[in-house]
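User: Please take a close look at one helix and its surroundings. I would like a connected account of how that part is packed.

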Amino acid sequence: MNSETRPAFIDFEASSLDLIASYPIEVGICLPDGQLHSWLIRPHVLWQDWSESAERIHGIDRETLQTEGVPVADVANGLNELLPDQVFCDAWTFDSFWLHRLFRVAGVQPSFQLESISMLLNSAQVRRWSTLRQEVINQLGLPVHRAANDALILHRTWELINLDSGGPQLLPDHHAGCSGSSR
């Protein structure tokens with residue numbers, strides 16, 4: 001994780017959970033200092049997948065994306081400008097798919113590596129994660145399944161789990177043998 005003591009987190013909301021046709025509709029990040037950024041993503045012309053059940057969960061409709069969404073290239077460039085070398089997520093399979101889809105359509109390479117939050121946690125912390133995450137959700141009182149809120153929940157849960165464990169559990173850089181987006 002380089003010399004930073006606190007990680008950055010990312011979360012995506014998507015058109016569906018279909019790992020062939022889905023695409024990102026919102027991305028939120030929480031920087032190491034707790035600063036939040038999020039973008040609604042205007043769907044690329046080739047992105048047609050849509051799930052009514054997913055819409056009921058995240059509450060974002062296609063019309064809102066068309067009128068308020070940011071072009072994919074602007075979102076990809078914004079992520080590259082703001083994120084450090086590594087960023088962490090809690091659903092690597094889905095988040096890496098949507099990250100790749102966003103950057104590919106934007107014609108931009110990510111300047112950061114996407115990693116699973118599990119790389120930050122020891123086995124005891126992994127076992128406690130769900131319980132502490134729910135405590136954070138209850139404390140914050142924010143709706144889940146909105147990207148910035150979910151990124152903040154990851155950040156606060158990581159802080160709480162490390163407070164309970166006596167401080168951050170920093171791991172060395174994991175560039176060798178890692179999958180995910182890279183430079």
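Analyst: What follows is a close look at α4 and the parts around it.

This is a predicted model. The chain's average pLDDT is 89, and 87% of the residues score at least 70.

Start with the helix itself. α4 has 15 residues, which at 1.5 Å a residue should span 21 Å. The C-alpha atoms at its ends are 20 Å apart, so the two values agree. Just after α4 comes G107, with a positive phi near 70 degrees.

Next, burial. The buried residues of α4 are D95, S96, F97, W98, L99, L102, F103 and A106. Their cover includes the strands β1, β2, β4 and β5 (113–116), along with the helix α3.

Now the core. The largest nonpolar core holds 32 residues. Those touching the most other members are I10, V27, L79, L83, L102 and F103. At least two residues of this core come from each of β1 (9–14), β2 (24–30), β3 (36–40), α3 (72–82), β4 (86–89) and α4 (92–106). The largest share, six residues, is supplied by α4. A separate core of 14 residues lies apart from this one, with F88, V136, L154 and L160 among its members. As a general point, nonpolar side chains in soluble globular proteins tend to be buried together.

L102 deserves its own look. Beyond its neighbours within four places in sequence, L102 contacts F12, P24, I41, W47, V72, V75, A76 and L79. Of these, L79 is also listed with L102 among the core residues that touch the most other members.

Two strands that feed the core also pair with each other. β2 and β3 run antiparallel and are joined by five bridges. Within that pairing, E26 sits opposite L40 of β3. The two strands form a hairpin, with five residues between them. In the turn, G34 has a positive phi of about 90 degrees.

On the other side of the story is the loop from α3 to β4, where P84 is found. P84 has 18% relative accessibility, so it counts as buried, the limit being under 20%. Along the chain, P84 and F112 are 28 residues apart, yet their C-alpha atoms are separated by 6.4 Å.

One caution, away from the helix. Residues 168–183 have pLDDT under 50 throughout. The model still gives this stretch 42 contacts beyond four places in sequence. Where pLDDT is low, predicted coordinates should not be read in detail.

Conventions: Residues numbered from 1 in each chain as written. Predicted model: local features only at pLDDT ≥ 70, side-chain atom pairs only at ≥ 80, totals over all residues. Heavy atoms only, no water. Core = buried A, V, L, I, M, F, W, Y, C linked by side-chain atoms within 4.5 Å. Buried < 20%, exposed > 50% of the residue type's maximum accessible area, 1.4 Å probe, protein only. Helix = DSSP H or I, 4+ residues; strand = E, 2+ residues; numbered from the N terminus. Contact = heavy atoms within 4.5 Å. Pairing = 2+ DSSP bridges. Expected span 1.5 Å × (residues − 1). pLDDT = per-residue confidence, 0-100.
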